[in-house]
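Biologist: Could you pull up the model so that we can go through it together?
Modeller: Of course, here it is.

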Amino acid sequence: MSHLSERPEKPVVGVSMPHESAVLHVTGTALYTDDLVYRTKDTLHAYPVQVMKTRGRITALRTEPALAVPGVVRVLTVADVPGVNDAGMKHDEPLFPDEVMFHGHAVAWVLGETLEAARLGAAAVEVELDELPSIITLKEAIAAESFHGARPVMVTGDIDAGFAESAHVFSGEFQFSDQEHFYLETHAALAYIDEAEQVFIQSSTQHPSETQEIVAHVLGLHSHEVTVQCLRMGGGFGGKEMQPHGFAAIAALGAKLTGRPVRVRLNRTQDLTMSGKRHGFHADWKIGFDADGRIQALDAILTADGGWSLDLSEPVCARALCHIDNTYWIPNARVAGRIAKTNKVSNTAFRGFGGPQGMLVIEDILGRVAPLLGLDAMELRKRNFYQPGLGQATPYGQPVPQAERIAAVWQQVENNGGIADRKREIAAFNAAHPHTKRALAITGIKFGISFNLTAFNQAGALVLIYKDGSVLINHGGTEMGQGLHTKMLQVAATTLGIPLHKVRLAPTRTDKVPNTSATAASSGADLNGGAVKNACEQLRERLLQVAASRLGSNASDVRIVDGVARTLGSDKELAWDDLVHTAYFQRVQLSAAGYYRTEGLHWDAKTFRGSPFKYFSYGAAAAEVEVDGFTGGYRIRRVDIVHDVGDSLSPMIDIGQVEGGFVQGAGWLTLEDMRWDTSDGPNRGRLLTQAASTYKLPSFSEMPEEFNVTLMENATEEGAVYGSKAVGEPPLMLAFCVREALRQAAASFGPAGVSVELAAPATPEAVFWAIESVREKADVRSGDGHASDDSEIRTDTSALSNA
């Protein structure tokens, strides 16, 4: 077992415990960024001047009327920026734009003594616009060839030969929706300037170091003149990886110009209309199978809706390509990626970061073609699994370790869920119920863990031991409710060999741990846990020397367990507090900076080849649904999940993450139907689903009636801290089984062998129309016959040749 994964005697990791802030959360005493406003004297409130047109050049911006509003202190415009007028890392996101690029684009900000004064001031600002044509939908962008950023192509094998050797070839297209993060806490920042002209910002951000960097270049400062702190976030899901930077910069600019604290906090409508979403995608595809239903070749174009600026669209698109194989070996493939430039908010990171979009494409294809191949969808999926010991690699060239886990988790789901018996029960139910159908589907996942950009796979930590034996840890990760801080406390206590109550965690700050990566890519525990462990190991080694001198033994023979240092084979012992006290008086350093970098990664973005991931997380899920044939309404009767988290650092936290990720994925795939005004009317480009009243989120009523989650046992990951694996993003993709079960339920309303096309999200409306299409095919078959299987699914794929 590797040094990184080995667990000591009586570890605190692996113990189920509640979230470290659970009591604060449920009692309402946990502080978030905007709560700090009420503890800050003389705070000004910022309010955006949004232009409710989709695209146009600004020809006039008159701020004088706003200054006449009582309580308005200042209006921030581009003329006030002392540094770089840009809020992004690609320098394509002007903080104060001269061209409106989406409906609701903020072009100025009003500072007021009260939020109401700022709101009235913003309403008084006059903006004149020379309107320009706009692109709203992916199909409009593709037709206009409106693209930006890199256009990667992933190639493996020989697709021409693969198709030539295929007994069955199908082609089609698939478009699926974006998704709103809908974190409970909207974007927020609070900035003030201290007596040394240092800028201090409280920000709800997943990436404090990048927030620091953006604020510094907007203000024309160096990074050491800006400090960013994140107490905690009320949810992030990727939406606070890049997009908080501009809001923090507005607060910081206002504070710098007025000398007073400035607060930015978006209301829900502003957050929905101004911040990016999960990227919607369009896929053109062609796939070939041999006579036994094994994939021979795949040719596809994935087009991501990037919105008006690049943000993180390039790496999102890259990760989509890297995950289009999911759990299936594709010997011959050519997959091209491109990013559509549309006049919508700039889409951004969202849990899974393109991985779900790529994986959804292959799962949709297999669900559609299984009936045409005369195979049960479960059987088709199993036939195409990566197989251990055969040297199979992903289309980008990375070997697939632990490939046996793909089948293992699947089989465990079948066993735990009694799948064979339930399928027979479902068949009997469906035969007896012409207007209500049930179905059961299983899908698996293989998700790569690490940032695609190798440089981001590093982390730092600062651990302090005080004279009384108490320990304070700082690390570069941020807490958004996912339990990262809880795991870091457990890692520190385990490494030092002390009880958990001895350790406290400080808020994430850029002046304690510099140059941190975003808490994203499911890497928070891997990276920061490695750094915390490294810092604690340095301290433990120093303390073992001190203990050895007190106990009269060699340091290699001393163990610290449960806060007591003992020598092997001896009754002598030394309590932790006494050990620390002794170390202080021997002038032993009681602080350490830890560092961790993920080894073994390499990636060439130009050739799209390499090993960008440290390891893969595996999982499988089965969902049983019941569908009403009259309305398309449905309920999830039961879900069974087996998920691979290695040796869990904190099982209760990880099970909660699996449950939450699954439900969020089911929301994306079945409920969350984001709508935009695509007409040519005056509101073209307006987001129509601007509130929870029009944007359907999963709630208790959409939870599975029976929900069983099991963590894979004996699953040590040698390459990660204490043998654990990431958990944040992978479970979201387990929800594919819900959509596939809905597809199969819809198919049950018609004859066998019908391919069902199902929209994503598969809302009750979409399910109803899928049922209607099945019924139409049944009518055709009972009348004049039907078209060939291939033509049922084939569409024009001429775009493939233009990739």
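Modeller: What follows is a walk through aromatic contacts, empty spaces and strands, and please keep in mind that this is a predicted model.

Biologist: Okay, aromatics first. How many aromatic pairs does the structure hold?
Modeller: The structure holds 18 aromatic pairs. In one of them, the rings of Phe-174 and Phe-176 have centres 4.9 Å apart and planes at 40 degrees, so the pair is classed as tilted.

Biologist: And is Phe-174 buried or exposed? What about Phe-176, buried or exposed?
Modeller: Phe-174 counts as buried, because its relative accessibility is 6%, and Phe-176 is buried too, with a relative accessible area of 3%.

Biologist: Now Tyr-396 and Trp-603. How far apart are the ring centres, and at what angle are the planes?
Modeller: The ring centres of Tyr-396 and Trp-603 are 6.0 Å apart and the planes stand at 80 degrees, so this pair is edge-to-face. Tyr-396 lies in the loop between helix 11 (377-383) and helix 12 (404-417), while Trp-603 belongs to strand 25 (residues 602-604), so the pair ties together parts that are 207 residues apart in sequence. Tyr-396 has 0% relative accessibility and therefore counts as buried.

Biologist: Which residues form one aromatic cluster with Tyr-396?
Modeller: The cluster consists of Tyr-396, Trp-603, Phe-608, Phe-613 and Phe-616.

Biologist: Which charged residues lie over rings?
Modeller: I can give you two examples: Arg-232 lies over the face of Tyr-32, 5.8 Å from the ring centre, and Arg-438 has its charged end over the ring of Phe-429, at 3.8 Å from the centre of that ring.

Biologist: Switching to empty space, how many cavities of 30 Å³ or more are there?
Modeller: The count comes to four cavities of 30 Å³ or more, and the largest cavity has a volume of about 350 Å³.

Biologist: What lines the largest cavity?
Modeller: Its lining has 18 residues, and those nearest the centre are Ala-87, Glu-93, Phe-247, Met-274 and Trp-308. The elements that give two or more residues to this lining are strand 5 (105-112) and helix 7 (244-258). By class, the lining of the largest cavity has eleven nonpolar, five polar and two charged residues.

Biologist: And the second largest cavity, what volume does that have?
Modeller: The second largest cavity holds about 70 Å³ of space. The residues lining this cavity include Ile-449, Asn-457, Asp-526, Leu-527, Tyr-596 and Lys-614, and by class the lining has four nonpolar, five polar and two charged residues.

Biologist: Where is Leu-527 found? Is Leu-527 buried or exposed?
Modeller: Leu-527 is found in helix 15 (residues 524-551), and with a relative accessible area of 4% this leucine is buried. From C-alpha to C-alpha, Leu-527 is 36 Å from His-105, and the two are 422 residues apart in sequence.

Biologist: What about pockets? Which residues are closest to the centre of the second largest pocket?
Modeller: The second largest pocket has a volume of about 860 Å³. Of the 39 residues that line this pocket, Leu-312, Pro-315, Asn-452, Leu-453 and Phe-456 are the closest to its centre. The elements that give two or more residues to the lining are helix 6 (208-219) and helix 9 (313-322), and the lining residues divide into 19 nonpolar, 13 polar and seven charged.

Biologist: Last topic, strands. In what order do the eight strands of the open sheet run?
Modeller: The order is 3-5-1-12-9-10-11-20, with mixed pairing. The edge strands, each of which pairs on one side only, are strand 3 (72-76) and strand 20 (508-509). Within the sheet, strand 9 (residues 188-193) pairs with strand 12 (residues 262-265) in the antiparallel sense over four bridges, and Ala-191 stands opposite Val-262 of strand 12.

Biologist: Which strands form hairpins?
Modeller: Strand 21 and strand 22 form one with two residues between them, and Asp-562 in the turn has a positive phi of about 55 degrees. These two strands pair antiparallel over four bridges, with Val-561 opposite Val-564 in strand 22. Strand 22 and strand 23 also form a hairpin, this one with five residues between the strands and with Gly-569 in the turn at a positive phi of about 75 degrees. Three bridges join strand 22 to strand 23 (residues 573-575) in an antiparallel run, where Ala-565 stands opposite Leu-574.

Conventions. Residues are numbered from 1 along each chain as its sequence is written. This is a predicted model: local features need pLDDT of at least 70, side-chain atom pairs count only at pLDDT 80 or more; totals for chains, interfaces and linings use all residues. Side-chain values use heavy atoms; hydrogens and water are left out. Rings of Phe, Tyr and Trp (its six-membered ring) pair if their centres lie within 6.5 Å; planes under 30 degrees apart count as stacked, over 60 as edge-to-face and the rest as tilted. Buried means under 20% relative accessible area, exposed over 50%, partly exposed in between (1.4 Å probe, protein chains only). A charge sits over a ring if NZ of Lys or CZ of Arg is within 6 Å of the ring centre and within 35 degrees of the ring normal. On a 1 Å grid over the protein atoms alone, a cavity is a set of points where a 1.4 Å probe fits but cannot get out, and a pocket is an open set with protein on both sides within 12 Å along at least five of seven lines; lining residues have an atom within 4 Å of a point. Grid points are joined across faces, edges and corners, and a volume is the space filled by probe spheres set on the points. Ala, Val, Leu, Ile, Met, Phe, Trp, Tyr, Cys and Pro count as nonpolar, Asp, Glu, Lys and Arg as charged, and the others, Gly among them, as polar. Two strands pair if DSSP finds at least two bridges between them.
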